[in-house]
Each structure stands twice: as C-alpha cells, then as structure tokens.
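User: I have this two-chain model open and I'd like to know how its labels were reached. Could you take me through them, cut-offs included?

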Amino acid sequence: MSKYMKMKTQCKIQAHLVAALQASGIKFEQAQAGQTLTMNGYGGVKRQADFVIRKSEIASYGDMGYKWNGSEFDLVADDYAGQRKQEQVIKLISREYAAAFTIAQMEAAGYGWERVDQENGAIQLVVSGRL
Amino acid sequence: MQDFEFIVEIDVDGNVTTTVNGVKGQKCSEVAGLLADLGQVTEDRHTPEWSEQEPINLDLDQGDELVVGGGLW
C-alpha cells in the first residue's frame, strides 16, 4: 500500500444522486428542471426540494428530500429520534452515491472494477489497471 | 507501467476509505485523485512505499553513451 485516504461522501452530481435513488429501490419524485417539489414535514411544515421521498415510503413523520444549494445536494429531513427507516434510507443513498461516483470515474479512466456487497450493507469496489 | 489495485471501501454510513496497492511513488495519487470530488477528505496519508521511485528501464545497446545530468562538470 502506498496511499490511504478517508472521505465523507457529499452528493454533488445529480446523475449519480438519481442513480443512487434508483438503486435504493425506494419510490422518489424528481422536480422538473427549474422547479422544486413541496415537502410535507412534521407539524405541517412545508419545505422545497429537488428530490422528494414521501413519508409513507420511509415510515416517517415527514417527507425527506435533497435540495441543490449551489455546490451540492443538501439533505432535507425532519430530525427526530427513532426515525430508523429514514436513517437507513439516508445511509443507503449515500453508499449508492459513492459507488455510482466511483464506478463512473474508474470507467472513464479505463480501469476495470468489481463490486462486492457485504452482509452489513457496506460496499467494496476493487479497481484494477495499469499506470 | 505498473499493475495496481485500488480498493474502495464504502462503509454502512456511506463514508469512503481508499487504499492504493502496487504503485510506487506519486503515481498512486493519480488514481486516488479520481475520487477527489466525491466528498470531504478527513484523512490522507502515504506509506513509506509512496516515497520510493518507480524503476526506470533504459533500453541501451552496446556502445550507447549514457549521460547522467546535463550540466557542465
């Protein structure tokens, strides 16, 4: 090993976020270009987002979504303890985003890759090539 | 040219750990750098192997002159 790096995933590329949402298998809505969707939060609070997962999909008190802030997609969600399904979905989307980003970058560079899904939900990507 | 293996571990929270194997020198940064826009780097370190130089293969025939450096002696 000659280099080791740790990163906290940030959703910056819409195409990969869409791929992650699709890979999660959870029904979501995407706003038309230049528009946003209204989210229904806990207590009737209304917020706007570019992508919305309705509360019925995540057994939550309110909808969750992702909204572009000019440099990345912010997670928009009610923060209440015990929203276990919502937390799982957020982590799942983050994992799938990281996988979609990595695979796209490696394919663009001409490298081969293999995906190994772990039992706990973690993902390992093994990339190989020549430099 | 060097064969390399690049391991990308995405943990259950979506955080990413990468390791580059088989590449000596700064070339490994070329591979890891492909993920630079994935997110915020929280740890970045090199192992001793990183500072090793990639061997240079010289294809010399008998009688070829090898000049090291370029300055005046």
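**Labels and their cut-offs**

User: Why does Ala104(A) count as partly exposed?

Analyst: Ala104(A) has 15 C-beta neighbours inside 10 Å. Buried takes 20 or more other C-beta atoms within 10 Å, exposed takes 12 or fewer, and partly exposed is what lies in between, with C-beta atoms placed from the backbone. A value of 15 sits between those limits, so Ala104(A) gets the middle label. Ala104(A) belongs to helix α3, residues 84-108 of chain A. Its C-alpha is 19 Å from that of Phe73(A), 31 residues apart along the chain.

User: What should I know about the model and the numbering?

Analyst: This is a predicted model, where local features need pLDDT of at least 70, side-chain atom pairs count only at pLDDT 80 or more, and totals for chains, interfaces and linings use all residues. Residues are numbered from 1 along each chain as its sequence is written, while chains are lettered from A and ligands numbered from 1 in the order in which they are written.

User: Why is Ala59(A) called exposed?

Analyst: The count for Ala59(A) is 11 other C-beta atoms within 10 Å. That falls under the "12 or fewer" rule, so exposed it is. Ala59(A) sits in the loop between α2 (55-58) and β6 of chain A. Its phi is near 50°, a positive value in a residue other than glycine.

User: What makes a stretch of chain A a helix or a strand?

Analyst: Both are DSSP runs, numbered from the N terminus: a helix is H or I over at least four residues, a strand is E over at least two. By that rule chain A has three helices and nine strands, following the pattern β-α-β-β-β-β-α-β-β-α-β-β. Chain B comes to one helix and three strands, running β-β-α-β from the N terminus on.

User: How do you know that β5 and β6 of chain A pair?

Analyst: The rule asks DSSP for at least two bridges between two strands. Here three bridges join β5 (residues 51-53) to β6 (residues 64-68) of chain A, so the condition is met, and the two run antiparallel. Within that pair, Phe51(A) stands opposite Tyr66(A). They are part of an open four-stranded sheet in chain A, ordered β2-β5-β6-β7 with antiparallel pairing.

User: Why are β2 and β7 of chain A called edge strands?

Analyst: Each pairs on one side only: that goes for β2 (29-30) and for β7 (73-76) of chain A.

User: Why do the buried residues of α1(A) line one face of the helix?

Analyst: The buried residues of α1 (residues 14-24) of chain A are His16(A), Leu17(A), Ala20(A), Leu21(A) and Ser24(A). Down the helix axis they fall within an arc of 140°, so they line one face; the arc is that of the directions from the axis to the C-beta atoms. They pack against β5, β6, β7 and α3 of chain A. The face turned away carries the exposed Ala15(A) and Gln22(A). Just after α1(A), Gly25(A) has a positive phi of about 75°.

User: Which residues touch the most other members of the largest nonpolar core?

Analyst: A nonpolar core is a set of buried Ala, Val, Leu, Ile, Met, Phe, Trp, Tyr and Cys residues joined through C-beta atoms within 7 Å. The largest has 40 residues, and Leu17(A), Phe51(A), Tyr97(A), Ala98(A), Val20(B) and Val31(B) touch the most other members. α3(A) gives the most to this core, with eight residues.

User: What does Ala98(A) touch?

Analyst: Contact means C-beta atoms, placed from the backbone, within 7 Å. Leaving aside residues up to four places away in sequence, Ala98(A) touches Thr9(A), Ile10(B), Gly14(B), Val16(B) and Leu38(B).

User: How many residues of chain A are in contact with chain B?

Analyst: 33 residues of chain A are in contact with 44 of chain B. The largest share of the chain A side, nine residues, comes from α3(A).

User: How do you know that β9(A) and β1(B) pair?

Analyst: Eight bridges join β9(A) to β1 (residues 3-10) of chain B, so the two-bridge minimum is satisfied, and they run antiparallel. In this pairing Gln124(A) stands opposite Glu9(B).

Terms used:
Contact = placed C-beta atoms within 7 Å.
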